[in-house]
Amino acid sequence: MLEIDIAKKLGDFHLKLAFTAGREILVLFGPCGAGKSLTLQCIAGLMEPDQGLIRVNGQTFFQAEGGRVQWNVPAHRRGIGYVFQNYALFPHLTVAQNIAYGGRGRPGLEDKTRRLLERMRLQGLEARYPAQLSGGQQQRVAIARALMIEPVVLLLDEPFSALDSAVREKLQGELLGLQREMGLSVIYVTHLLADAFALGDRMAVINDGRLEQIGPKQEVYQRPATRAVARFTGTRNIFDGQVLEVKGREVHITWCGQGVVALAEGLARGDQVSFCIRPEEVMVVRPDRPRGDSVKENLLSGSVVREVTRGATYTIFFKADALPEDDYHLEVLLPSHAYERLGLASARRAIVSLKKSAIHVLPKP
């Protein structure tokens, strides 16, 4: 179990966060410059926090209070594996020598190196140098070197960001297998939502040095705690309104003069609220077809002002007639077959439904 509760100031940037991680892959997710890599450096002992606590399996690695450091275990004695974004392999050492370097001075070095070469599918590459390897092979060497010390915690700082999608997906699968096989606590840093979902058991969203939300990845994705989390996880449709009426769990909200019904708790008439709906949850309905119960709610008529295709999907930008003049009001994500079936390329008029069950009312600050 990793426990961290630290603060660190670097110039105008102030990192202050606390979380725990068990035998799992915890993803530190957020924009560039949020403090994710700095957090890893503090855990590894490469950077000293100003105050706080870092503890692994009950052993204190760092403790400081009132600006005074009481305990600080050096990085090389923490037993923490670290895989850097740029791999940080020694260019003058072979694959086998790079891996063995992590365990120098330890018994059974040759046998451990051989096992890791096999485990990371690097047999036959032992005598090659990093410059003679592909990006995926270099990444396997970096992970093998980090595993040589039999770490209690494995830290990975955007390790797959420079790899193409096919290689990245393969390495993600191998990392998942390693974590389950070895029962490691893995802290994985990324700013890519796809990476976070491919690997994470839980997700910790960090913004400007603060922890915005932590929890199971699906919960964070579907129930963001703040506007920042909603935005980072791909919710483009975020709005402000006021509660007009509360009927049990049904909340009636006025939004730019338009009524919207959502499901929420703990709200009262007159409350100012923010609410959001993911682009893939907005339903496009055909005017000439009967409407089922699921698409009769929160209907808006309007026009498709433009679209962006990514092959398998279309993002359409929808401008509602009833809302104040703007470039567009909603982003809608559709599978390509649905876009074509609805005839949106030629019929630029559409009706959309914001299902009340898909609208998430953000918690009040």
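Q: How many helices and strands are there in the protein, and what makes a stretch count as one?
A: There are nine helices and 21 strands. Each is a DSSP run, numbered from the N terminus: H or I over at least four residues for a helix, E over at least two for a strand. This is a predicted model, where local features need pLDDT of at least 70 and side-chain atom pairs pLDDT 80 or more, while totals for chains, interfaces and linings use all residues. Residues are numbered from 1 along each chain as its sequence is written, and side-chain values use heavy atoms, leaving out hydrogens and water.

Q: What share of the protein is called buried?
A: Of its 365 residues, 49% count as buried, the word for under 20% relative accessible area with a 1.4 Å probe and protein chains only (exposed is over 50%, partly exposed in between). The C-alpha atoms fill a box of roughly 75 × 50 × 35 Å along the principal axes.

Q: What makes β14 and β21 edge strands?
A: They belong to an open sheet of five strands in the order β14-β13-β12-β15-β21, with antiparallel pairing. β14 (258-263) and β21 (360-361) each have a single partner strand, so one side of each has no neighbour in the sheet.

Q: How do you know that β12 and β13 pair?
A: Pairing takes at least two DSSP bridges between two strands, and β12 (residues 237-247) has five to β13 (residues 250-255), so the two qualify. They run antiparallel, and E245 stands opposite H252 in β13.

Q: Why is the F239 and F275 pair called tilted?
A: A search of the whole structure finds nine aromatic pairs. In this one the ring centres are 5.6 Å apart and the planes 50 degrees apart. Rings of Phe, Tyr and Trp (its six-membered ring) pair with centres within 6.5 Å; planes under 30 degrees apart are stacked, over 60 edge-to-face and the rest tilted, so 50 degrees lands in the tilted class. F239 lies in β12 and F275 in β15 (residues 272-277), so the pair ties together parts 36 residues apart in sequence. Both F239 and F275 are buried.

Q: Which kind of pair do W255 and F275 form?
A: Edge-to-face: the planes of W255 and F275 are 85 degrees apart, with 5.8 Å centre to centre. W255 sits in β13 and F275 in β15, 20 residues apart. W255 is buried, as is F275, and F239, W255 and F275 form one aromatic cluster.

Q: What other sheet of five strands is there, and in which order do its strands run?
A: An open one, β16-β20-β17-β18-β19, with antiparallel pairing. Its edges are β16 (282-285) and β19 (330-335), each pairing on one side only. β18 (residues 313-320) meets β19 over six bridges, with F317 partnered by E331 in β19.

Q: What makes R306 count as sitting over the ring of F317?
A: The charged end of R306 is 4.5 Å from the ring centre. The rule asks for NZ of Lys or CZ of Arg within 6 Å of the centre and within 35 degrees of the ring normal, so 4.5 Å fits the distance limit.

Q: How do you know that the length of α4 agrees with its residue count?
A: The expected span is 1.5 Å times one less than the number of residues. For the 13 residues of α4 (residues 135-147) that gives 18 Å, and the end C-alpha atoms are 19 Å apart, which agrees.

Q: Why is α4 called mostly covered?
A: Because 11 of its 13 residues are buried by the accessible-area rule; among them are V141, I143 and L147. The cover includes β7 (80-83), α2 (95-101), α3 (109-119), β8 (153-157) and α5 (165-182), where contact means heavy atoms within 4.5 Å.
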